[in-house]
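Good morning, colleagues. Please take a moment with the sequence and the structure before I begin.

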Amino acid sequence: MIQILPATTIEHFETISGLAHTIWHEHYIKIISVAQIEYMLEKFNSVSHMTARAKDGTLYFYMTDHDVPVGYVGIDCHNDHLYICKLYVLKESRGKGIAKKVIQHTVALAKDQGVSLVRLHVNKYNANSITFYKKMGFEITDSVIEDIGQGFVMDDYLMAKRI
């Protein structure tokens, strides 16, 4: 049984950070360097980063399959849209509809917040994720290269889904 649970404690963020290390090393190694993976894990997926972001309003959730953590999502709430800042699922748990449930959850949250747009960034070379998001109704709206420090950049598509 798949569940989407709110992450609100240090223990939850530790679980998410552990998932991030596993997922990023199994998935992004084909797309970006190990050095950039390590940098981005510390900068954007550490317990301290998530704790600070949660205090500023980012909503974090972790997904479980039969009570075993298998993924996580971070959602920023803005006045006119929701922004999925993170959505990752363990390799062995992909294809089970988990990410689809997260998108449905996010759309329901957007409706509750009174907004009609969900946005996200996806790496331009992350073909499977791009295909998935398109199937979920997202469209590419822009191409962005963002300097994230230490000589690294995020080379992404901005995608959006109207609700």
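I shall go through the overall fold, the dimensions, the interior and the surface.

Please bear in mind throughout that this is a predicted model.

I begin with the secondary structure. The protein has five helices and seven strands. Read from the N terminus, the order of these elements is β-α-α-α-β-β-β-α-β-α-β-β.

Next, the dimensions. Along the principal axes, the C-alpha atoms occupy a box of roughly 40 × 35 × 30 Å. The radius of gyration is 15 Å, and a compact globule of 163 residues would have a value near 15 Å, so the two agree. As to how the chain is connected in space, consider the contacts between residues at least 6 apart in sequence: 60% of these join residues at least 24 apart.

I turn now to the interior. Buried residues make up 47% of the 163 in the protein. Which residues touch the most other members of the largest nonpolar core? They are Trp24 and Leu87, in a core of 49 residues. Helix α4, residues 98–113, provides the largest share of this core, with seven residues.

Trp24 merits a closer look. Setting aside neighbours within four places in sequence, Trp24 is in contact with Ile29, Ile32, Ile37, Met40 and Leu41, and also with Asn45, Tyr72 and Tyr88.

Finally, the surface and the charges. The protein exposes about 8500 Å², of which carbon and sulfur atoms supply 52%. There are 17 positive and 18 negative charges, and their mean positions lie 8 Å apart.

Thank you for your attention.

Key: Residues numbered from 1 in each chain as written. Predicted model: local features only at pLDDT ≥ 70, side-chain atom pairs only at ≥ 80, totals over all residues. Heavy atoms only, no water. Core = buried A, V, L, I, M, F, W, Y, C linked by side-chain atoms within 4.5 Å. Buried < 20%, exposed > 50% of the residue type's maximum accessible area, 1.4 Å probe, protein only. Helix = DSSP H or I, 4+ residues; strand = E, 2+ residues; numbered from the N terminus. Contact = heavy atoms within 4.5 Å. Rg over C-alpha atoms; globule rule 2.2 N^0.38 Å. Areas by Shrake-Rupley, 256 points an atom, 1.4 Å probe, with all protein chains shown as cover. Lys, Arg positive; Asp, Glu negative; His and termini not counted. Charge placed at Lys NZ, Arg CZ, Asp CG, Glu CD.
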